[in-house]
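Student: Could you take me closely through a single part of this model, residue by residue, and explain how it sits among its surroundings?

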Amino acid sequence: MERGADRRRIATFPLKVVLLTVCGIIALVIAAQVFLTWATRVIDTQSEARQVQIADHVIGQLRSQVAHDQESSTVWDEAVEKMREPPSQERDEWIDGNLGRWMITYFGHDAAFVLDATDRPIYAYADGKIGGPETFERFRPVAEPLAARLRDILRRQDKSQVSDRVLSPGVSDFSRVGEHPAIVSVKPVVSDSGEIEQVPGEEYLHVAVKYLDSDFLQELSTEYGFHGLFFSPVSQKLPGTAELPVVADSGQLVGYFDWRPYRPGSAFLASISPALVGALVLLIITLALFLLALYRRLKVNRAQEERIRFLANHDALTGLLNRTAFERALDAALTPSKGVVPQIAVLYLDLDRFKQINDTLGHGAGDSVIQEVAKRIGALLPQNGRLCRVGGDEFNIFVPFVEVSEVETLGARIVASIAEPFVVEGKTTFAGVSVGAAYSPLHGTNRSELTRKADVALYNAKASGRGRFTAFGVHMDVIIRERAEIERDLHTALKETGQFEVLYQPKYRAQTGDLISVEALVRWYHPTRGWLSPTFFIPIAEETGLIRALGRHVLEEACRAAAKWQIGSVAVNVSPIQWRTPGLASEVKSILEATGLDPHRLELEITETAWMDSTSTCVANIKALRELGIAIALDDFGTGFSTFGRLLDTEVDHIKIDKSFIDGLGKSRGDEAIVQAIVNMAHARGVKTTAEGVQTQEQSLFLTAIGCDELQGFLFSEPVSVRDIDKLLAGSRTQARPQS
C-alpha cells in the first residue's frame, strides 16, 4: 500500500511541476501583459501630454513673434512721418513695401492693414494682393475690439508692456477670421527716437493677421511630428488622438487642433507581440529588450526636454546664452560674498560694418559671420567668463578679474580676432568690433548700472573710430548728454535752417591761376555754442538720419548761388547715407530745376566708403546723376580702400588727392611719387585731378609742374561767404595768389 502511494506521489509530482510551471508562466505572461499594457499607456500618455505642451508653447511663441515682427517697421520715425503725409502713390508704395508686402513675404503673415486715427483702413493686403477698404470688412469684427483696447492703453499712456524686448504697447489675441483660426495683433506706429510728438490714442495702427491653419500647420506637422494635424471649430477628440483647444483672452473658444500623436509604447508593443505569442521561452529576453527600449525612449524624452530647457536659455543661432539667462548669471555673480562685492567686468560688443555684409552678401552670410564671431570670442574667454548674444550683431560678456589689465588684454584680443577676414561661401569679407567695458565695484554694483555704462563706453568706442576697446569714464556720460543736446538742437535748427551758413572755397586752374570752381562747405552757428565744426555735427546728423535734410539744404543754397556766378562749376559733398537713399537723383534734379543751375555745372563729391558700396541703390544713383550730366568727384582719394584698378572700372569724372599726400610733399616720404602716379593714371583715364590742402608755394609749384589740373587750399583762400565770392568774381583778375 505504501509503495502504491509512493508511485502515485511520484506520478503526480511532474504534473504538479508542470502545472506550477504552466501557472507560473501564465501568471508571468499575465503579469508581463499587465505591466506592458500599463507601461505602454504611461509612455503614450506622457508622449501625448508632451506634444500638447509643445504645441501650446509654439502657438504662444508665435503670438509673441507676430507682435515682435511688427515692431521692425512700426517703431520708426520714418513710418510716423509717412503716415502723416497726404495720400499719394509714393506714400502708398512706401506703406506697401514696409508695412504690407514686406511683412507678408519676410515674416509669413497672411494679411496686413494700416488704420488711421478713426480706425479707417488706409491700406489693406489680404489673399495675396492689395485690396481696398472693403477688404478690411471681414477682418473688422476681430480687429476693431483689439484696436479699441490698444487705443485705451495708448490714451492712458500705459507702458507696462514696454521692455528691452518689447518696444511699444500692443494687443493681440486668438480669433477666427471666416473659417480660419488666426492670431490678430495690433501695434501702433510710433517714433523710435521719441522726438516726434503724437496724440496718445490717435496713432496710426498696424494690424497683422497670421492664420493658424495654413503653413503653420505644415510647420508643426513637419518639425514636431504631429501626424494628421488639422484644425476643427468643434471638438473631434477620438480614442488615439490628441487635442489642443485654442482659447481667446476673453475665454471664447476659437477651435481645436487635432492630430494622431506618436505613441512610442504602442508602436513598440505591437512590434514584440508576435514574439510573445510565438515563443514564451524568449519572455525574459523580450522583457529585457522592452526595458532597454523603454530606457532609450525615456532617454530621448529627456533629451527633448533638455533641448526645450536649452532653447529657453540660449540663442538659437549661436548656442550662446540669451539675454535673460545672461542677466540671471550676472546677478548671481555680482552677489556680495561675506560683504565683499566681487570684481566683475561687463563688456558690451557691437560689430562694425555688419549691415554692409548683410546688404552685399545676404542675411544667410550675415548669420554665418555671427556664428563665426561667437566661436572666435568664445575661444578667447577664460573658463569663468560668460558670453551672451543680446540680439542682431550685439554681444555681452562678463568675466571676473583681478587686475584691470586682464580685461584690457581680453578686449584687445577680441578686437584683433574679429578684424581677421571671414570666408563665407567662398567669398572673403571683413568686419570689426567695438567693445565697451564697465567694472564692478568701480563703476557700479548692480547689473543695470554696469550694462548701461558698458553701453556708454561702447558708444564712445564707436564715436572714436570703431574697432577698439574702451572702458567707461565719468566724462563719457557728459559726452552722451552733450551729444543728445546737439541732436535735439540739430532737429530744431533744421526746421528753419537760419543757423547754417554755406561757405565756398575757391579752386584754381593750376596752369593759369584762374578761379574756375568752388566747393560748398556748411558751417553751423549754434545759438549758445557759437560756430561748430562740421567734424562735430556731421557724424551726429548721419547717425540720426538728419543728414538728408541738411544735405538738401546745402545743395539748394550752393546751386542757387552758383546759378548767378560765371564759373565752371560748384562742388557739393554728398554723405554715404544720401548715396544709399532711393530717389537721390530725382531730388537733385528737382533742385536744379528750381534753382536754374545747369546740371553740367554741378559736381557731387562721393567718399571712398560710398564709392566702394556696391549696393543697387548707390550704383543706380550714380548712374542716374551722370545721365543728367552731373559730374562725380571722388573725394580724399587714396585714404581708404580705393585702388587704381577699381578706378579704371568706375565712371568718375574727377578725383581729389587727399591732403595727407600733399602735406608729405618734400618730406622724404615718397609722397611725390604717389601724387605723380595718381595724376598720370587719372590723365590716362581722362579724369581731372584736384589737389586738396595746398598750403605752401613749393607744393603749388610741384603740383603745377606734374600736371595737376586744379589747386585748392589755404595758400589761395579759406572757405568764404557768398559775398566774398561775388567780390572775387567782380575783380579784374581771378588769378590764384597766396594769401598774405
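Tutor: Leucine 703 makes a good starting point: leaving aside residues up to four places away in sequence, Leu703 is in contact (heavy atoms within 4.5 Å) with Ile662, Leu665, Val675, Ala691, Val694, Cys708 and Leu711. This is a predicted model, in which local features need pLDDT of at least 70 and side-chain atom pairs count only at pLDDT 80 or more, while totals for chains, interfaces and linings use all residues. Residues are numbered from 1 along each chain as its sequence is written, and side-chain values use heavy atoms, with hydrogens and water left out.

Leu703 belongs to helix 23, residues 697-705, where Gln699, Ser700 and Leu703 are buried; buried means under 20% relative accessible area and exposed over 50%, with partly exposed in between (1.4 Å probe, protein chains only). Helices here are DSSP runs of H or I with at least four residues, and strands are runs of E with at least two, both numbered from the N terminus. Viewed down the axis of helix 23, the buried residues fall within an arc of 100 degrees, so they line one face of the helix, the arc being that of the directions from the helix axis to the C-beta atoms. On the face turned away from this buried side, helix 23 carries the exposed residues Glu698, Leu701 and Ala705.

The cover over the buried residues of helix 23 includes helix 21 (659-663), helix 22 (671-685), strand 24 (688-691) and strand 25 (710-711). After helix 23 comes glycine 707, with a positive phi near 95 degrees.
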